[in-house]
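The following account leads the reader through the arrangement of strands and helices in one protein chain. It is best read with the coordinates open alongside the text.

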Amino acid sequence: MNTDIHTADIPANLAHVRQRIQAAASLAGRPADEVQLLLATKTVTAEKIKVAIDAGEMLIGENKVQELKQKDYLLHTLPVQRHFIGHLQTNKIKEVLKYVTCIQSLDRAELAEKLDSRLQYEGRSLDVFVQVNTSFEESKFGAHPDAAIGLLEKVRAYGTMHIKGLMTIGLFDADPEKVRPSFRLLREIRDTALREGLLHPDGAHLSMGMSGDLATAIEEGATIVRVGTSVFGKRQYPDSYYWNEKSN
Ligand SMILES: *Cc1c(COP(=O)(O)O)cnc(C)c1O
């Protein structure tokens with residue numbers, strides 16, 4: 001599916017993304033090791049993902065439960081942490097929990113409630129990020145910014161989930177100055193949650209920034225950037241396809 005990129009290019013692409021992260025952190029006066037790289041691997045084959053893992057990457061994010069399942073034969077043998085970053089339907093909870101240690105796309109109370117029941121049943125806990133729609137675009141999932149604090153309170157009240165921070169998908173725009181407010185708003189919500197004691201300082205990550213806007217996100221405080229295209233090449237379909245509830 002990622003036809004315009006050769007597997008052999010992946011290590012060099014990764015090195016380039018690492019350089020961009022370093023440059024952006026340095027411009028922002030932040031240590032580069034404050035920013036983790038998560039590889040967004042939707043549509044990427046397990047073999048290509050392995051090349052990135054062999055090059056030293058340890059964190060990947062998938063958008064679809066089906067892809068986690070398809071790639072598990074190889075990935076479960078590798079030293080990689082898998083996160084879920086796509087829209088999660090409640091009927092997929094049981095399945096997704098077989099593969100991931102973290103769900104970054106916890107965006108609604110109903111999902112939190114059902115996750116809690118399943119986690120209780122399995123006698124385990126799970127890392128989560130609360131996803132907030134800070135771009136106000138209707139096509140994006142995520143809690144409304146005004147509902148984010150309330151959702152954090154709810155999730156915290158269940159003992160089964162460790163809140164690691166907040167996640168957002170920025171506004172789609174080639175102009176960084178138009179994207180910036182959606183990242184800044186996530187940071188402001190994070191700071192409010194910290195002040196109100198809803199987040200622990202160790203669990204106050206900001207997962208924001210992708211291939212096109214990672215520098216802006218890092219300037220605004222990102223601690224995890226999620227990068228796909230810059231490492232693995234263009235995908236066949238627009239992101240709206242992968243983010244569509246019906247296609248999940
Ligand atoms: C695909 C995806 C990314 C990465 O996007 P690129 O533009 O390919 O870097 C990041 N976050 C989410 C939730 C995604 O679905």
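A crossing of two helices is called left-handed if the near helix is turned anticlockwise from the far one by less than a right angle, and right-handed if it is turned clockwise. The model discussed here is a predicted one. In it, helix α1 passes helix α2 in a right-handed crossing. The axes of α1, which spans residues 10-27, and of α2 come within 9 Å of each other and cross at roughly 55°. Angles of 65 to 115 degrees count as roughly perpendicular and those under 35 degrees as roughly parallel, and α1 is therefore oblique to α2. On the α1 side the contact is made by Ile10, Pro11 and Leu14, and on the α2 side by Lys48, Val51 and Ala52.

Helix α1 also holds asparagine 13. With a relative accessible area of 19%, asparagine 13 is classed as buried, because the limit for that class is under 20%. The C-alpha atom of asparagine 13 lies 9.3 Å from that of glycine 233, although 220 residues separate the two in sequence.

From the helices the description turns to the strands. Strand β1, residues 36-40, pairs with β2 in the parallel sense, and two bridges join them. Within this pairing, alanine 40 stands opposite glycine 61 of β2. Between the two strands the chain passes through helix α2, residues 46-54, and the resulting β-α-β crossover is right-handed.

The loop that leads from β1 to α2 contains threonine 43. This residue is not a glycine, yet its phi angle is positive, near 70°. Threonine 43 has a relative accessibility of 9% and so counts as buried.

Which residues of β2 face one side of the strand, and which the other? In a regular strand the side chains alternate between the two faces of the sheet. For β2, residues 59-62, Leu59 and Gly61 lie on one side, while Ile60 and Glu62 lie on the other. All four of these residues are buried, and both faces of the strand are thus covered.

Strand β2 also runs parallel to β3, residues 81-84, to which four bridges join it. Leucine 59 stands opposite glutamine 81 of β3. The connection from β2 to β3 goes through helix α3, residues 65-75, and forms a right-handed β-α-β crossover.

The two crossover helices, α2 and α3, pack against each other at an angle of about 50°, and their axes are 9 Å apart. This pair is therefore oblique as well, and the crossing of α2 and α3 is right-handed. Ala46, Glu47, Ile49, Lys50 and Ile53 of α2 make the contact with Lys71, Tyr73, Leu74 and Leu75 of α3.

One participant in that contact, lysine 71, belongs to helix α3. Is lysine 71 buried or exposed? Its relative accessibility is 6%, so lysine 71 counts as buried. Leaving aside residues up to four places away in sequence, lysine 71 touches Thr41, Lys42, Thr43, Val44, Ala46, Ile49 and Glu62. Among these neighbours, Thr43 lies in the loop between β1 and α2, and Glu62 is a buried residue of β2.

Beyond β3, the pairing continues with β4. Strands β3 and β4 pair in the parallel sense over two bridges, and phenylalanine 84 has isoleucine 103 of β4 as its bridge partner. Strand β4 comprises residues 102-106, and five of its five residues are buried.

Strand β4 pairs in turn with β5, in the parallel sense and over three bridges. Leucine 106 has valine 130 of β5 as its bridge partner. Together with helix α5, residues 109-122, strands β4 and β5 make a right-handed β-α-β unit.

After β5, residues 126-131, a loop leads to α6, residues 148-157, and phenylalanine 136 is found in this loop. Phenylalanine 136 has a phi angle near 60°, a positive value in a residue other than glycine.

Technical notes:
Residues are numbered from 1 along each chain as its sequence is written. This is a predicted model: local features need pLDDT of at least 70, side-chain atom pairs count only at pLDDT 80 or more; totals for chains, interfaces and linings use all residues. Side-chain values use heavy atoms; hydrogens and water are left out. Buried means under 20% relative accessible area, exposed over 50%, partly exposed in between (1.4 Å probe, protein chains only). Two strands pair if DSSP finds at least two bridges between them. A crossover is right-handed if, with the strands pointing away from the viewer, the path from the first strand over the helix to the second runs clockwise. Axes are lines fitted to C-alpha atoms, for helices over the stretch in contact, and angles run from 0 to 180 degrees between N-to-C directions. Angles under 35 degrees count as roughly parallel, over 145 as roughly antiparallel, 65 to 115 as roughly perpendicular and the rest as oblique. Contact means heavy atoms within 4.5 Å.
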